[in-house]
Amino acid sequence: MDIRAIGMGLAFAFFWSSAFTSARIIVTAAPPLTALTARYLLAGIIAIALARALGQHLPRDRRTWTAIVIFGICQNALYLGLNFVAMQWVEASVAAIIASAMPLIVAFLGWVVLGDRPGPLALAGLVAGMAGVALIMATRIEGGAVGLGLALCVIGALALAVATLAVKGASGSGNLVMVIGLQMLVGAVSVGLPALALERGAEIAWSSTLVLSFAYTTIFPGLVATWIWFLLVRRIGTVKASAFHFLNPFIGVAVAAVLLGERLTLLDGIGVAIIAAGILAVQLSKAPPRVAEAEAATAAPAMPRR
């Protein structure tokens, strides 16, 4: 893993993790599904307009369209939709910590479903990372997090794992910005329908904080982080890219502590140290030949279709 990939991973982790705090601010003032629908619609329009300006066109192959739909539904509708709803009761730091369990789910599903078995060092790193996550989670569960919110976050993490595996199909397209815009629109439709059914007439407590939080979560976690994620998966592969999700507990807890006043404990620091060791193990590992070949194929982007 080179310096550029590490920089991309750190930037992605920060934007992704900070989204939990901005989402927490949003859902305290606006109906969660309605706010998320507006975010996806705006981000999708911006991305598609930018893609057209760059000369990108709609994908023409079925594999990319399938990945777009799966990614849009699993990440945008299920993962983020369930997390937005859950954060009406669950702290932003709790949601970030649960989301960081996703890499182990990706590795397990990749092994069982795709046959992409991680090497011993990578597997040890993933297990160590999960141990750190569990340590941090233990203090949060003792704090009385609502069971329904936790369940929604766990289901969302499972959906995110499926979306991550689906990226392999979409990230090979040369029309990357167009792909991002399309999966945002898929999310807008998928979340918008239940929003119309469940949140019609809900009140919004308008404020400058709400507007700024909405703008931030739309541009940075919504567009920039997604763009970086596609590039990162293309550059180093799904399993190693997913390892950066283990930074979510530290960054998510730290941002929530600074902006929302959520508590940061000594056990959080110990858990982060264990998580960092897990990330290092994954970075130092080498994928088996079969996985390396598959990821090398993914890393070679197709030429944009004119």
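Select helix α1 (residues 3-27) and helix α3 (residues 62-86) in this predicted model. The two helices pack with their axes 10 Å apart, at an angle of about 60 degrees. An angle of that kind is neither roughly parallel nor roughly perpendicular, the latter class running from 65 to 115 degrees; α1 and α3 are therefore oblique to each other.

Next, display the side chains at this interface. From α1, select W16, F20, A23, I26 and V27; these meet Q75, Y79, N83 and F84 of α3. Sorted by class, the contact of α1 with α3 comprises seven nonpolar residues and two polar ones, with no charged residues.

Remain on α3 and select N76, which lies in this helix. Is N76 buried or exposed? Its relative accessibility is 1%, and N76 therefore counts as buried. To view its surroundings, add L36, Y40, F71, G81, Q183, M184, G187 and V191, the residues that N76 touches when those up to four places away in sequence are not counted.

Return to α1 and select A11, a residue of that helix. In contrast to N76, which counts as buried, A11 has 28% relative accessibility and so counts as partly exposed. Now add W229 and display the C-alpha atoms of the pair. A11 and W229 are separated by 218 residues in sequence, while their C-alpha atoms are 9.6 Å apart in space.

W229 falls within the span of α9 (208-236), a helix that also contributes to the next stop, the second largest pocket. To outline this pocket, select I26, A30, P31, T34, A35, A38, I204, W206, L210, V211, F214 and A215, which form its lining. I26 has already appeared on this tour, among the α1 residues that meet α3. The space in the pocket is about 180 Å³. Which elements give two or more residues to the lining? They are α2 (32-53) and α9 (208-236). The largest contribution is that of α9, with four residues. Colouring the lining by class shows eleven nonpolar residues, one polar residue and no charged residues.

Move next to helix α4 (residues 92-99). How many of its eight residues are buried? Eight of the eight are buried, so α4 is largely enclosed by the rest of the structure. The residues to select here are A92, S93, V94, A95, A96, I97, I98 and A99.

From α4, proceed to G252 in helix α11 (residues 248-260). With 1% relative accessibility, G252 counts as buried, the cut-off being under 20%. Leaving aside neighbours within four places in sequence, G252 is in contact with S17, T21, S93 and A96. Two of these, S93 and A96, were selected at the previous stop as buried residues of α4. Add S18 and display C-alpha atoms once more: G252 and S18 are 234 residues apart in sequence, yet 5.9 Å apart in space, C-alpha to C-alpha.

Finally, clear the selections and view the whole chain. Its secondary structure comprises 13 helices and zero strands. Of the 306 residues, 54% are buried. Colouring the chain from one end to the other helps in following its contacts. Among contacts between residues at least 6 apart in sequence, 93% join residues at least 24 apart.

Terms used: Residues are numbered from 1 along each chain as its sequence is written. This is a predicted model: local features need pLDDT of at least 70, side-chain atom pairs count only at pLDDT 80 or more; totals for chains, interfaces and linings use all residues. Side-chain values use heavy atoms; hydrogens and water are left out. Axes are lines fitted to C-alpha atoms, for helices over the stretch in contact, and angles run from 0 to 180 degrees between N-to-C directions. Angles under 35 degrees count as roughly parallel, over 145 as roughly antiparallel, 65 to 115 as roughly perpendicular and the rest as oblique. Contact means heavy atoms within 4.5 Å. Ala, Val, Leu, Ile, Met, Phe, Trp, Tyr, Cys and Pro count as nonpolar, Asp, Glu, Lys and Arg as charged, and the others, Gly among them, as polar. On a 1 Å grid over the protein atoms alone, a cavity is a set of points where a 1.4 Å probe fits but cannot get out, and a pocket is an open set with protein on both sides within 12 Å along at least five of seven lines; lining residues have an atom within 4 Å of a point. Grid points are joined across faces, edges and corners, and a volume is the space filled by probe spheres set on the points. Buried means under 20% relative accessible area, exposed over 50%, partly exposed in between (1.4 Å probe, protein chains only).
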